[in-house]
Amino acid sequence: DVANILSCWRSVDTETIVSIQEDEAFTNDWPWAPGIYTPTVQTELIPNQPLFAFQDASSKQLRDVPPLIISTVRDELFWSYDAFLDAAINSAGYYGLFAALTQLFQDAGIALTILNHYGITPSTGSLTGNWYYDFVEIATDNWYCAVRNVSDNAANKMNDAVYYLNFDFVDTELYQHVTPNEVCWTRACHLFDTWFAVSSPALLPLFEEYGADTLGLKMQEYFTNFVIHGDPNGDCNQTEVRWPEYSSGDAGIETNFLRILDPENFVQQSTFTDGTRVGTNAISSSNDLCAFWDATGYLFGAQRPI
């Protein structure tokens, strides 16, 4: 009963939620547990980690899940910039990249398949001009398409709606005042979407100074509507740009997700016809990127493929 589930969740105070989320007894199976972003599991309501359930297209747990928002940023894994790995991969060039991918996917054959798909060979050189950035772009593509795969499974199994969001907004002047990670000054990295969705008091003056406060207000309207109505558009589609419900089963559908490019550019797009990680490189931004990763398999913890 979705209504009773939502009522139960909303009745619990935040202190209780945080205390449970920091208790390892309720967060195991989550590879980065404990943490405040972790759902509480091993309960009657949520027996297993939702992310793993969403990865399993046959999971019966998905049927009665309440409406859901799945969001991803364009350049997710650049947040974890590693200067040592950057130097090590670039010093060995193509073979450094091959070794890094082999280590990541635990399979030299898969690493070679990936490099061939991206058109990277010892003679063609780096895809981005930096061998380490090639590695992070590829790993981010894998993550990005894994999120798309999770969205597909959820939309196909859930009785209620799924809403899918791509956050692609980049503002170098703003970001250099928000994060010391220079690699992310020109990218939409991990957590950047939540900065605007939450618009914390510490960041709000910067958002106002650089004209990005309207982005936060628009995102908060969507998320507030979702909490109240189970629909980011509200009960009367009062949002400026309607956030379409996600669907993976009809290639003829015109739009099935929302992409945020800048404070004034929220666009309805389709995973069937529009680019993937737009504004990155020719392979990562292509529409067929996720078809490659669907066929190759995904990396998540020790599980591959999913």
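Two strands pair if DSSP finds at least two bridges between them. That definition is needed for the sheet in this predicted model, where the tour will spend most of its stops.

**Whole chain.** Start with everything selected. The protein chain has twelve helices and four strands. Of its 306 residues, 44% count as buried. The accessible surface of the chain comes to about 14,700 Å², and 54% of that area belongs to carbon and sulfur atoms. Among contacts between residues at least 6 apart in sequence, 57% join residues at least 24 apart.

**The sheet.** Select the four strands next. They form an open sheet in the order β1-β2-β3-β4, with mixed pairing. The edge strands are β1 (68–73) and β4, each of which pairs on one side only. From one strand to the next, the twist averages 20°.

**β1 and β2.** Now keep only these two strands in view. They run parallel and are joined by six bridges. Which residue in β2 is the bridge partner of Ile 70? Pick Tyr 164 to see the partner of Ile 70.

**Helix on the sheet.** Add α7 to the selection. This helix packs on the sheet and touches β1, β2 and β3. The direction of α7 makes about 165° with that of β1.

**β2 and β3.** Hide α7 for a moment and select residues 162–167 (β2) together with residues 257–262 (β3). Their pairing is parallel and covers three bridges. Within this pair, Asn 166 stands opposite Arg 259 of β3.

**β3 and β4.** Move on to residues 265–269, which make up β4. In what sense do β3 and β4 pair, parallel or antiparallel? The sense is antiparallel, over five bridges. Ile 260 has Phe 266 in β4 as its bridge partner. To go from β3 to β4, follow the hairpin, which joins them through two residues.

**Two crossing helices.** Finally, bring back α7 (residues 131–157) and add α12 (residues 289–296). Their axes come within 9 Å and cross at roughly 85°, so α7 is roughly perpendicular to α12. To show the contact, select Ile 138, Asp 141, Asn 142, Cys 145, Arg 148 and Asn 149 on α7. On the α12 side, select Leu 289, Cys 290, Trp 293 and Asp 294. Colour the residues of this contact by class: five are nonpolar, two polar and three charged.

Note on methods. Residues are numbered from 1 along each chain as its sequence is written. This is a predicted model: local features need pLDDT of at least 70, side-chain atom pairs count only at pLDDT 80 or more; totals for chains, interfaces and linings use all residues. Side-chain values use heavy atoms; hydrogens and water are left out. Buried means under 20% relative accessible area, exposed over 50%, partly exposed in between (1.4 Å probe, protein chains only). Contact means heavy atoms within 4.5 Å. Accessible areas come from the Shrake-Rupley method with a 1.4 Å probe; for residues, only the protein chains shown count as cover. Axes are lines fitted to C-alpha atoms, for helices over the stretch in contact, and angles run from 0 to 180 degrees between N-to-C directions. Angles under 35 degrees count as roughly parallel, over 145 as roughly antiparallel, 65 to 115 as roughly perpendicular and the rest as oblique. Ala, Val, Leu, Ile, Met, Phe, Trp, Tyr, Cys and Pro count as nonpolar, Asp, Glu, Lys and Arg as charged, and the others, Gly among them, as polar.
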